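Please examine the sequence and the structure shown below before reading on. A trainee and a mentor then discuss them in turn.

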Amino acid sequence: MGVIEKDGKFYPDEEFKSKALINSYEKYQEMYKRSIEDPENFWREMSEELFWYKKPEKILDYNFDTQKGKVFHEWFKGGYTNVCYNALDRHLDNPTKNRVALLWQGEPDEDVKVFSYQMLHREVCRFANVLKKKGLKKGDRVCIYLPMIWELPVAMLACARLGIIHAIVFGGFSADALRDRIQESGSKLLITVDQTLRNGRKFDLKTNADDALKDCPLVTDCIVVQRTGSEIPWTEGRDTWWNDEINADDISNFCECEQMEAEDPLFILYTSGSTGKPKGQVHTTGGYMLYVYLTTKYIFDLQPESTFWCMADIGWITGHSYIVYGPLLNGTTSFMYEGTPLWPAPDRAWDLIERYEINVCYTAPTVIRALSRQGEEWPAKHPMKSLRVLGSVGEPINPDAWKWYHKNVGKENCPIVDTWWQTETGGILIAPLPGAWPTKPGSATFPFFGVVPRSADPGVDDPSKLGQKMPPGEAGHLCMEKPWPALSRTIYGDHQRWIDTYFTQFPGMYFTGDGVLVDEEGYHFLQGRVDDVINVSGHRIGTADVESALVMHDAVAEAAAAGMPHEIKGQGIYVFVTLKMGHEPSDDLRKELVSHVRKEIGAIASPDKLQFAPALPKTRSGKIMRRILRKIVENKVDELGDVSTLEDSAVIEELVKNRLG
């Protein structure tokens, strides 16, 4: 099995194609055309691969045009199902019940936990009964603040089983960020851990949780997983241990699934916005379930008994869809790792692939770049012959990183599926089907079934061209012409914000906020964000979030953040800070302000560079000219464009002169 390179393209060989689920561009085109021209019958047929208590009555109803009324989309109305039933129970009446569902490796080498589908079903049922015992029911919200430990997918699936809406908060977020998400979601119960392990060190999560809960009176119960056994703060009457709860004598091994209507919410996941507070994306049961099932199956070309490793954190959408729901819905083995791929040695990831015979490895360009910096000798120690498909996610992958991945990890034998999607989209929208067509380094290639992308003219030079298709080879703004089943339904508690964010810029289309270039052959090359969101290691951080954190500090009068090129993270965070009278710039204050952002948001949002600025470039109406700041940060000062609307153009010279290299 191998990959053949020819004229800058990488083709799957005949051996790979012979086993592929979709092994030609013609077969893809036939299915794709049907999904666009006859979505009713296409998606009805696809939905029959999963279990429904009651089959859907209507497959799709939608409106994307604000001028025609309320913007919405609904899928599989009248159908009743349960995501947990499809991920676990559906596999128990066949030999899959004895297949490994979840293979968990802790950071310490000796910490390993293996769950067959039958065993995972038992564990999930028991925890679902714990939640029922706490008085929780369908529609209630539960916040989960856990690291990459096996209890996290168990808690998720237990919630899904009962129709409880889970809101997972990334374990790297601060107490304040956790508090905001608990409050926004109206969660009644928090699930957390004593401490988390990372690179051989212990980090307190329970302390963060306690700080957050001071302002969350709705939370009356906090279930705590014991990971390290270190002494932690404890609130009697509210805090209980996971093991005590799940092993209680009155907890049964079986729990009936709640029958969920297709449009009932499954989870809320918060994503950063370009303005204001984080947006709680609401994903629903039927559409999300079917879409992640199909994208996992076809994009990663899952073979019987595949072992699938998605290196993401479950605190992000990638982990939701491609560590937990997607692999389990397909009856495959999901490998889950607690630690980082560089510790305790730079070949940790390659060792795990070899040890557990991983077939599919799905990671981010950030990780690939970090691993490539360690040198080729580390992956060279490991043949990794089990690998069949490699994946990339989170940001556009640069061709050099793509080729390093292909050569050193795939050993030039594995197709690379470069995937593009977002928290809002629920699942992958643009990606190769590995056996169907050749790939180009840096290109996500073609859309998945039901997805109709458009490189749209932003209308900057000619407003009459707004939304029109850009010619091949010219970058435009990426929009979607039609809905697909996994697109979020709303922003929790604020549907108008959902409409304003995604459907007002380009009438009749969903605007992704990303740029895209489509070449002469129709291959899509993603260009990154066109709005004020910074993509740090594949995680979206709103400039507004960083700025808000900074101006909370007593010394800061004003702040502006921009994305800066970063050779490992893709983008880093560069901030400009104007101080209040009576405060002077200093290295100590710079360190204090960076620490302040870490405290308010989390380490993921720490500014990489902080430049003190006497003033920021503003229009006469007082609006900060962010495009100018971005150009300064990128050292493209000869591309500043029109600055005639600035109140004081001398500000730019000052910023450029003091730019941090």
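The conversation that follows moves from the whole chain to its sheets, one helix and its cores.

Trainee: Before we begin, what kind of model is this?
Mentor: Residues are numbered from 1 along each chain as its sequence is written, and side-chain values use heavy atoms, with hydrogens and water left out. Local features need pLDDT of at least 70, side-chain atom pairs count only at pLDDT 80 or more, and totals for chains, interfaces and linings use all residues, since this is a predicted model.

Trainee: What radius of gyration does the chain have?
Mentor: The radius is taken over C-alpha atoms, and the globule rule is 2.2 Å times the number of residues to the power 0.38. The C-alpha atoms fill a box of roughly 75 × 65 × 60 Å along the principal axes. Because a compact globule of 661 residues would have a radius of gyration near 26 Å, the value for the chain agrees with the rule: 24 Å.

Trainee: What percentage of the residues of the chain count as buried?
Mentor: Buried means under 20% relative accessible area, exposed over 50%, and partly exposed in between (1.4 Å probe, protein chains only). The chain exposes about 25400 Å², of which carbon and sulfur atoms supply 47%; such areas come from the Shrake-Rupley method with a 1.4 Å probe, and for residues only the protein chains shown count as cover. Of the 661 residues, the buried part is 61%.

Trainee: How many helices and strands does the chain have?
Mentor: Helices (H or I, at least four residues) and strands (E, at least two) are DSSP runs, numbered from the N terminus. By this definition, the chain has 20 helices and 32 strands.

Trainee: Which strands form the edges of the open sheet of four strands?
Mentor: Two strands pair if DSSP finds at least two bridges between them. The order in this sheet is β23-β24-β26-β27, with antiparallel pairing. A strand at the edge pairs on one side only, and here the edge strands are β23 and β27.

Trainee: Is strand β24 enclosed or open to the outside, and why?
Mentor: Four antiparallel bridges join β24 to β23 (residues 453-456), with Arg454 opposite Cys479. Four antiparallel bridges also join β24 to β26 (residues 510-518), where Met480 stands opposite Tyr510 and His477 opposite Gly515. Because five of the five residues of β24 (residues 476-480) are buried, the strand is largely enclosed.

Trainee: Which residue takes a positive phi in the hairpin of β26 and β27?
Mentor: Strands β26 and β27 pair in the antiparallel sense over five bridges, and Asp514 has Arg529 in β27 as its bridge partner. Nine of the nine residues of β26 are buried. Five residues lie between the two strands, and the one with a positive phi, near 90°, is Gly522.

Trainee: In the open sheet of eight strands, which residue stands opposite Val224?
Mentor: This sheet has the order β14-β13-β10-β8-β9-β16-β17-β25, with mixed pairing. Its edge strands are β14 (239-241) and β25 (490-491). Three bridges join β13 (residues 221-225) to β14 in parallel, and the residue in β14 opposite Val224 is Trp241.

Trainee: Which residues of helix α13 are buried?
Mentor: Because six of the eight residues of α13 (residues 365-372) are buried, the helix is largely enclosed by the rest of the structure. Its buried residues pack against α12 (348-355), β20 (360-363), β21 (389-392), α15 (399-409) and β31 (570-579); contact means heavy atoms within 4.5 Å. The buried residues are Pro365, Thr366, Ile368, Arg369, Ala370 and Leu371.

Trainee: Which members of the largest nonpolar core touch the most other members?
Mentor: A nonpolar core is a set of buried Ala, Val, Leu, Ile, Met, Phe, Trp, Tyr and Cys residues joined through side-chain atoms within 4.5 Å. Leaving aside neighbours within four places in sequence, Tyr325 is in contact with residues including Val83, Met156, Leu266 and His320. A second, separate core of 27 residues includes Trp350 and Leu387. In the largest core, of 166 residues, the members asked for are Phe127 and Tyr325.
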